[in-house]
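Morning, everyone. Please take a look at the structure on the screen, and I will walk you through a few spots.

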Amino acid sequence: MVGAHLICTMLRQGFGVRAVKCPGQSTEYAKCILSLYSDDCDTLFNEIEWVEADYNDPESMKAALDGVCTTFCCLSPKVA
């Protein structure tokens, strides 16, 4: 949830955004959050560069972060 709000803030400030999507994860929640901030959430959503990576796979994360200068991790811990 925090990540979707952060993405929106960064896009509205003109930053490029690459967001990691875990395998099987939907991006619809992010689009829903964007709709709270903009009447044209599709335009904002399409500015996001989505990459699929597994947080438990260092090689996929390395590829996802290639060329990125700043990162924010908003992954929720799994609750048992």
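First, a term. A pocket here is an open set of grid points with protein on both sides within 12 Å along at least five of seven lines. Keep in mind that this is a predicted model.

Now the pocket itself. The largest one has a volume of about 970 Å³. It is lined by 33 residues, and the closest to its centre are Ile 7, Arg 18, Ala 19, Val 20 and Phe 72. Which elements give two or more residues to that lining? They are α1 (2–12), β1 (17–21), α2 (28–37), β2 (48–52) and α4. Helix α1 gives the largest share, five residues. By class, the lining has 23 nonpolar residues, eight polar and two charged.

Next, a residue in helix α1: Leu 11. Buried or exposed? Leu 11 counts as buried because its relative accessible area is 6%, and the cut-off is under 20%. Setting aside neighbours within four places in sequence, Leu 11 is in contact with Val 17, Leu 44, Glu 47 and Ile 48. One distance for you: Leu 11 and Ala 30 are 19 residues apart in sequence, and their C-alpha atoms are 12 Å apart in space.

Last stop, Ser 60. Find Ser 60 in helix α4, residues 58–64. Its relative accessible area is 19%. The cut-off is under 20%, so Ser 60 is buried too. Where does its side chain reach? To the backbone oxygen of Asp 57, at 3.0 Å. Beyond neighbours within four places in sequence, Ser 60 is in contact with Ala 53 and Asp 54.

That is the tour. Thank you.

How values were computed. Residues are numbered from 1 along each chain as its sequence is written. This is a predicted model: local features need pLDDT of at least 70, side-chain atom pairs count only at pLDDT 80 or more; totals for chains, interfaces and linings use all residues. Side-chain values use heavy atoms; hydrogens and water are left out. Helices (H or I, at least four residues) and strands (E, at least two) are DSSP runs, numbered from the N terminus. Buried means under 20% relative accessible area, exposed over 50%, partly exposed in between (1.4 Å probe, protein chains only). A polar contact is a pair of N or O atoms within 3.5 Å; within protein, one must be able to donate a hydrogen and the other to accept it, and residues adjacent in sequence count only if both atoms are side-chain atoms. Contact means heavy atoms within 4.5 Å. On a 1 Å grid over the protein atoms alone, a cavity is a set of points where a 1.4 Å probe fits but cannot get out, and a pocket is an open set with protein on both sides within 12 Å along at least five of seven lines; lining residues have an atom within 4 Å of a point. Grid points are joined across faces, edges and corners, and a volume is the space filled by probe spheres set on the points. Ala, Val, Leu, Ile, Met, Phe, Trp, Tyr, Cys and Pro count as nonpolar, Asp, Glu, Lys and Arg as charged, and the others, Gly among them, as polar.
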